[in-house]
Amino acid sequence: MANRFKDLKWWQKLGVLGAIASILGCLVIFREYLWLALKWAWAGIGSVWSHLTDDSAIPFWLLYALLLLILILARKVAVSWLGGLRLPSGVLTPQHYYKDVFYGIVWRWRYPSKHYLRPEEFVPFCPICDLELQRTQFESHVIPVHLYCDNCRKLFTIESESVSGILDYMVREIPRRIRSGEWKERFSSGAAE
Ligand SMILES: [Zn+2]
């Protein structure tokens with residue numbers, strides 16, 4: 001530091017000395033105010049401390065600590081409650097009901113729009129491994145209907161139902177479950193998840 005001060009030019013040294021002198025001068029001139037400010041600050045700390053440790057029925061610091069604890073707990077409860085409210089509106093809408101089990105087979109479908117919940121484009125899946133099933137015999141009026149899983153090497157047969165009969169039933173049954181509210185139970189049973 002001293003070396004660096006020596007390296008300065010004379011007019012720079014003068015500037016530094018001038019700055020130090022003016023700070024010292026300010027301290028001398030305003031020392032009484034400074035002392036007063038320190039006294040006020042000390043008095044403030046003292047009064048806060050005496051307020052906190054006041055000999056009322058319950059010490060104030062304990063009261064404030066309890067109040068803080070209650071506020072933290074209330075915030076936690078509110079957050080979890082609001083989170084719980086958000087979940088059903090975010091997840092459980094009829095548009096999210098696009099999977100269910102019919103005839104022992106998992107079916108997935110889609111809706112033309114969120115305002116027109118008439119299911120279409122049904123796709124069958126294996127109820128064991130969830131692979132999309134092969135439609136080995138899937139012409140609309142052929143009975144029985146055969147669906148095959150390559151993974152499980154299992155043939156699923158829907159007796160006495162044609163493909164057109166199966167699709168027609170699901171097209172009518174799914175909107176009925178939406179209207180009656182049964183689709184929500186399908187979520188809780190895990191069939192629609
Ligand atoms: Zn399978």
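The exercises below, each with a worked solution, concern a predicted model of a single chain.

**Exercise 1. Overall layout**

Task: State how many helices and strands the chain has and in which pattern they follow along the sequence.

Solution. Begin with the elements: the chain holds six helices and six strands. Next, read them along the sequence, which gives the pattern α-α-α-α-β-β-β-β-β-β-α-α. Then turn to burial: of the 193 residues in the chain, 8% are buried. Last, take the contacts in the chain with a separation of 6 or more; 29% of these link residues 24 or more positions apart.

**Exercise 2. Helices H2 and H3**

Task: For H2, compare the expected span with the distance between the end C-alpha atoms, do likewise for H3, and find how many residues of H2 and of H3 are buried.

Solution. Helix H2 covers residues 10–29, which is 20 residues. At 1.5 Å a residue, H2 should span 28 Å, and its end C-alpha atoms are 28 Å apart, so the two values agree. Helix H3 covers residues 31–52, with 22 residues. The expected span of H3 is 32 Å, and its end C-alpha atoms are also 32 Å apart, in agreement.

For burial, the cut-off is 20 or more other C-beta atoms within 10 Å of a residue's own. In H2 the number of buried residues is zero, so H2 lies largely in the open. In H3 the count is zero as well, and this helix is hardly covered.

**Exercise 3. The sheet S1-S2-S3**

Task: Work out the strand order, the direction of pairing and which strands stand at the edges.

Solution. Take the pairs one by one. Strand S1 (residues 99–102) and strand S2 (residues 105–110) run antiparallel and are joined by four bridges. Within this pair, Asp100 stands opposite Trp107, and Val101 stands opposite Val106. S2 also pairs with strand S3 (residues 120–125), again antiparallel and over four bridges. Here Val106 stands opposite Phe125.

Putting the pairs together gives an open sheet of three strands in the order S1-S2-S3, with antiparallel pairing. S1 and S3 each have a single partner strand and therefore stand at the edges, with one side of each left without a neighbour in the sheet. From one strand to the next, the twist averages 35 degrees.

**Exercise 4. Positive phi outside glycine**

Task: Locate Tyr103 and Glu121, and decide whether Tyr103 and Glu121 are exposed or partly exposed.

Solution. The background is that most residues other than glycine have a negative phi. Tyr103 is not a glycine, yet its phi is positive, about 55 degrees. Tyr103 sits in the loop between S1 and S2, and these strands form a hairpin with two residues between them. Tyr103 has 17 C-beta neighbours inside 10 Å and so counts as partly exposed.

Glu121 is likewise not a glycine and has a positive phi of about 55 degrees. Glu121 lies in strand S3. With 10 C-beta neighbours inside 10 Å, Glu121 counts as exposed, because the cut-off is 12 or fewer.

**Exercise 5. The two sides of H5**

Task: Identify the buried residues of H5, the exposed residues on its other side and the strands against which the buried ones pack.

Solution. Helix H5 (residues 163–180) has 18 residues and reaches 26 Å from its first C-alpha to its last, close to the 26 Å expected. Its buried residues are Val163, Ile166 and Ile174. They cover an arc of only 60 degrees around the axis, which means that they lie on the same side of H5. Residues three or four places apart in an α-helix point the same way, because there are 3.6 residues a turn.

The other side of H5 carries the exposed residues Asp168, Arg172, Arg176, Arg179 and Ser180. The buried residues of H5 pack against strand S5 (145–149) and strand S6 (154–158). Just after H5, Gly181 takes a positive phi of about 85 degrees.

**Exercise 6. The largest nonpolar core**

Task: List the residues of the largest nonpolar core and find which element gives the most to this core.

Solution. The core has eight residues: Cys126, Leu133, Val145, Leu147, Cys149, Phe156, Val163 and Ile166. S5 and H5 each supply at least two residues of this core. S5 gives the most, with three residues.

Then take one member, Leu147, and set aside its neighbours within four places in sequence. Leu147 is then in contact with Ile105, Pro124, Leu133, Gln134, Arg135 and Phe156.

How values were computed:
Residues numbered from 1 in each chain as written. Predicted model: local features only at pLDDT ≥ 70, side-chain atom pairs only at ≥ 80, totals over all residues. Pairing = 2+ DSSP bridges. Axes fitted to C-alpha atoms, helices over the stretch in contact; angles between N-to-C directions. Contact = placed C-beta atoms within 7 Å. Expected span 1.5 Å × (residues − 1). Arc of directions from axis to C-beta. Core = buried A, V, L, I, M, F, W, Y, C linked by C-beta atoms within 7 Å.
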